[in-house]
Amino acid sequence: MEIEAKAYQSSDTTGTAVGVDISLRRAPAVEEPAIQIDRIMVAVDGVHRYVVSRLSRIGRACDADDVMQDVRVAVWDGVAKGRYRELPGIPFEAWVQGVCSKICAAHIRYELRHRTLPLLVDFTTTESSPEVLAVVGIGAGWDSADACIDQAWAQAMLDLVQRSVSDETWKLAVSSLSGPRHYGPPSPQDRRRWHAVTVVRQTAKTISSALNCHPEPGLSVDGLCRCAAGCLPTKVLRRIADAIVRPGLRGPDRSMKMAALARELGVTERYIAVNIGFARQLYRAAWRVLQHEANRPAV
């Protein structure tokens with residue numbers, strides 16, 4: 001996601017303006033970021049409470065990790081590619097706040113625009129009562145029951161996701177989605193439930209991407225592995241899966257690759273390290289789906 005901070009960009013002029021700092025006339029070199037990475041990470045971490053507050057207004061505080069990941073990538077791209085211009089009297093943190101605000105607004109618009117499938121409705125055993133149709137969305141702007149997504153596919157998706165996560169994660173996610181909303185400062189248990197929902201949602205996105213890949217019959221193992229890495233839902237997770245999980249790096253080789261990815265993505269090496277396990281879990285889920293699709297006999 002590219003965030004254009006137009007308010008901080010000065011227009012190019014052919015003449016030399018009196019009293020204008022010459023450093024504003026050109027973007028910083030890619031290899032020499034204008035802001036040190038430590039300051040970038042501190043500024044990004046400083047908007048976390050704001051993200052949680054914005055998303056809580058629509059009951060989607062569980063998406064905070066996803067949005068924060070988008071903010072990290074967008075801020076790093078803005079600095080590394082020269083979209084951020086330092087102006088006198090305007091702190092870097094204010095620009096990060098503006099980037100964060102735009103990303104939160106885009107995420108909220110997306111969530112409010114897209115219909116979601118309730119996690120607890122078993123379409124294979126539930127009758128299409130008016131109450132169930134109302135939960136799914138029929139009658140709330142939908143033309144008819146025919147507009148509902150295929151019921152068998154929905155149940156198959158839920159089964160695949162449930163088998164791809166731990167029992168504890170699944171139960172925490174269900175309790176978060178089905179329990180009453182909690183307003184106020186989040187507790188440690190709230191954070192655990194939000195994390196579980198994030199894991200379930202990211203797993204569902206990964207499996208959905210894998211189902212849409214349609215690998216060619218006879219595709220090599222290496223080709224399937226690359227496809228599986230490309231099915232992960234975020235840029236950071238895709239790069240970790242492709243660069244570390246897929247080749248199975250260990251020891252010094254992994255450490256060197258982690259440092260390279262941290263510089264490339266604008267995150268800390270610790271952030272890369274803590275996401276390797278999650279990337280491996282999603283990668284394996286995508287691999288199982290792709291392998292099954294590749295081995296399915298042609299009709």
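## A walk through a chain of helices

Let us begin where two helices touch: Arg 226, Ala 229 and Gly 230 in α9 meet Arg 238, Ala 241 and Asp 242 in α10. Meeting here is a contact, that is, heavy atoms within 4.5 Å. By type, the residues of this contact divide into two nonpolar, one polar and three charged. Here Ala, Val, Leu, Ile, Met, Phe, Trp, Tyr, Cys and Pro count as nonpolar, Asp, Glu, Lys and Arg as charged, and the others, Gly among them, as polar.

Before going on, a word on what you are looking at. This is a predicted model, in which local features need pLDDT of at least 70, side-chain atom pairs count only at pLDDT 80 or more, and totals for chains, interfaces and linings use all residues. Residues are numbered from 1 along each chain as its sequence is written, and side-chain values use heavy atoms, with hydrogens and water left out.

How do α9 and α10 lie against each other? Helix α9 (residues 221-230) packs on helix α10 (residues 235-245) at an angle of about 155°, and their axes are 8 Å apart. The two are therefore roughly antiparallel. Axes are lines fitted to C-alpha atoms, for helices over the stretch in contact, and angles run from 0 to 180 degrees between N-to-C directions; under 35 degrees counts as roughly parallel, over 145 as roughly antiparallel, 65 to 115 as roughly perpendicular and the rest as oblique.

Now step back to the chain, which has twelve helices and zero strands. Helices (H or I, at least four residues) and strands (E, at least two) are DSSP runs, numbered from the N terminus. Of the 299 residues in the chain, 40% are buried. Buried means under 20% relative accessible area, exposed over 50%, and partly exposed in between (1.4 Å probe, protein chains only). Among contacts between residues at least 6 apart in sequence, 72% join residues at least 24 apart.

Val 44 gives us a case to look at, in helix α1 (residues 37-45). With a relative accessibility of 1%, Val 44 counts as buried. Beyond its neighbours within four places in sequence, Val 44 is in contact with Met 68, Val 71, Arg 72, Val 75 and Val 96. Met 68 lies 24 residues from Val 44 along the chain, yet their C-alpha atoms are separated by 7.9 Å.

Next find Gln 202 in helix α8 (residues 188-211). Gln 202 is buried too, at 2% relative accessible area. Its contacts outside the four nearest places in sequence are Asp 66, Pro 233, Thr 234, Leu 237, Phe 278 and Leu 282.

Our last stop is helix α11 (residues 251-265), whose 15 residues reach 21 Å from first C-alpha to last, close to the 21 Å expected at 1.5 Å a residue. That expected span is 1.5 Å times one less than the number of residues. Which residues of α11 are buried? They are Met 258, Ala 259, Leu 261, Ala 262 and Leu 265. Seen down the axis, these fall within an arc of 165°, so they line one face of the helix; the arc is that of the directions from the helix axis to the C-beta atoms. The face turned away carries the exposed residues Pro 252, Met 256 and Arg 263. Met 258, buried at 12% relative accessibility, is in contact with Ile 244, Glu 269, Ile 272, Ala 273 and Ile 276, leaving aside neighbours within four places in sequence. After α11 comes Gly 266, with a positive phi near 75°.
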